[in-house]
Amino acid sequence: MPTRPDAPRDAAPRDAAPQDSAPQSGASPGGVPRCGAPQDSASQSGAPRGSAPRNRAPWEDVPLEDAPEPRARRLERNWSELLQEIRVAQAGVQILFAFLLTLPFTQRWNQVTDFQRALYLATLLLVAAASALLIGPVAYHRIMFRRGARARLVAAANTMALAGLVMLGAGINGAVLLVVDVLMGPLATVLICSATAAFFVALWWALPQLTRWELTAIHEDAQDSRPPAPGAPDAGAPDAGPPHPGPPGAGTR
């Protein structure tokens, strides 16, 4: 007589993990991702599958103009920009300095007046000071190399560059005054040199100051237009006064 088996032969063991026959979300039965299905962060960032997602810096998810910049990177950028500006100014200083150094060795130098001689000496000293100030950041950087003083270097170089530009502008106007005084009469000298000095002041000082004032006004307007924080009192709302105490005995039992 045949015996009845206790369990069917094709039954799966109880401790076996069930297999998920349904395809994963975002993939077709063939293993190809569906169109429009969300992908993981590794595939979006271009990293190979199986690798850990790259930790994104906080400033990579915000617009460039609003991204916070690390202090070391900002100092490096400021130093590079400052060096480029100094190179531009040094070209003008070198040309003017070479021109002034050759003047005393010309044939007409004996015909200059005492005023022109004093003006030449003052202009030469101004250009020499401008050259020293504009080359000063290079010497400062070389002496303080690998001393961890990048912030002080940028601050000192900025001060030297500003002072050097002032000296350079005064030296250029002094050279113009010297040449025009030799070639033209007193009235033409005053008019031409006054126009030259006003042009330098307008370009080198007035225009940057006007831009700074405009940016300051824009930032102040933006801060005033920000909504108040939750729970903060509205400055434009009328004062409601102290709360009404209510009828007598309302808060007592």
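Partly exposed, as used here, describes a residue whose relative accessible area lies between the buried range, under 20%, and the exposed range, over 50%. With that in hand, R150 is easy to place: its relative accessible area is 29%, so it is partly exposed. Please keep in mind throughout that this is a predicted model.

## The overall fold

Let us start with the chain as a whole. Its secondary structure comes to 5 helices and 0 strands, and from the N terminus on the elements run α-α-α-α-α. Of the 253 residues in the protein chain, 19% count as buried.

A161 gives an example of a buried residue. It is found in helix α4, and its relative accessibility is 11%; because the buried class takes in values under 20%, A161 belongs there. The C-alpha atom of A161 is separated by 8.2 Å from that of P137, although the two residues are 24 apart along the chain.

## Two salt bridges

The structure holds 2 salt bridges. One joins the side chains of E76 and R150, with 2.6 Å from N to O. This pair links distant parts of the chain: E76 sits in helix α2 (residues 71-102) and R150 in helix α4 (residues 150-183), 74 residues apart. The neighbourhood of R150 offers another contact between remote stretches of sequence, as the C-alpha atoms of R150 and L75 are separated by 6.9 Å while the residues are 75 apart along the chain.

R77 forms a salt bridge with E81, and here the closest N and O atoms are 3.4 Å apart. How far apart along helix α2 are R77 and E81? They are 4 residues apart in that helix, which means that about one helical turn separates them.

The table sets out the accessibility of the residues in these pairs.

| Residue | Relative accessible area | Class |
|---|---|---|
| E76 | 40% | partly exposed |
| R150 | 29% | partly exposed |
| R77 | 34% | partly exposed |
| E81 | 38% | partly exposed |

E76, with its 40%, falls between the two cut-offs of under 20% and over 50%, and is therefore neither buried nor exposed. The reasoning carries over to E81, because its 38% also lies between those limits.

## The largest pocket

Next comes the open space in the model. The largest pocket has a volume of about 420 Å³. Of the 14 residues that line it, the closest to its centre are L162, V166, W204, W205 and P208. Two or more lining residues come from each of the elements α4 and α5 (186-224).

Which element gives the most to the lining of the largest pocket? That is α5, with 8 residues. As for chemistry, the lining residues divide into 10 nonpolar, 3 polar and 1 charged.

## A nonpolar patch on the surface

Helices α4 and α5 come up again on the outside of the model, as the elements that give two or more residues to a nonpolar patch. The patch on the surface is formed by F99, V179, V182, L183, M184, L187, L191 and I192, with about 740 Å² of accessible area together.

V179 is a handy member of this group to look at in the viewer. V179 is found in helix α4, and at 35% relative accessibility it counts as partly exposed. Why can V179 be counted in a patch at 35% relative accessibility? Patch residues need over 30% relative accessible area, so the 35% of V179 is enough on that count.

## Pulling it together

Helix α4 is a good thread to follow through the model. It holds R150, the partner of E76 in a salt bridge, as well as the buried A161. Together with α5, helix α4 gives two or more residues to the lining of the largest pocket and to the nonpolar patch.

Definitions and conventions. Residues are numbered from 1 along each chain as its sequence is written. This is a predicted model: local features need pLDDT of at least 70, side-chain atom pairs count only at pLDDT 80 or more; totals for chains, interfaces and linings use all residues. Side-chain values use heavy atoms; hydrogens and water are left out. A salt bridge is a side-chain nitrogen of Lys or Arg within 4 Å of a carboxyl oxygen of Asp or Glu. Buried means under 20% relative accessible area, exposed over 50%, partly exposed in between (1.4 Å probe, protein chains only). On a 1 Å grid over the protein atoms alone, a cavity is a set of points where a 1.4 Å probe fits but cannot get out, and a pocket is an open set with protein on both sides within 12 Å along at least five of seven lines; lining residues have an atom within 4 Å of a point. Grid points are joined across faces, edges and corners, and a volume is the space filled by probe spheres set on the points. Ala, Val, Leu, Ile, Met, Phe, Trp, Tyr, Cys and Pro count as nonpolar, Asp, Glu, Lys and Arg as charged, and the others, Gly among them, as polar. Patches are made of residues with over 30% relative accessible area and no salt bridge: like charges are joined within 9 Å, nonpolar side chains (Val, Leu, Ile, Met, Phe, Trp, Tyr) within 5 Å. Accessible areas come from the Shrake-Rupley method with a 1.4 Å probe; for residues, only the protein chains shown count as cover.
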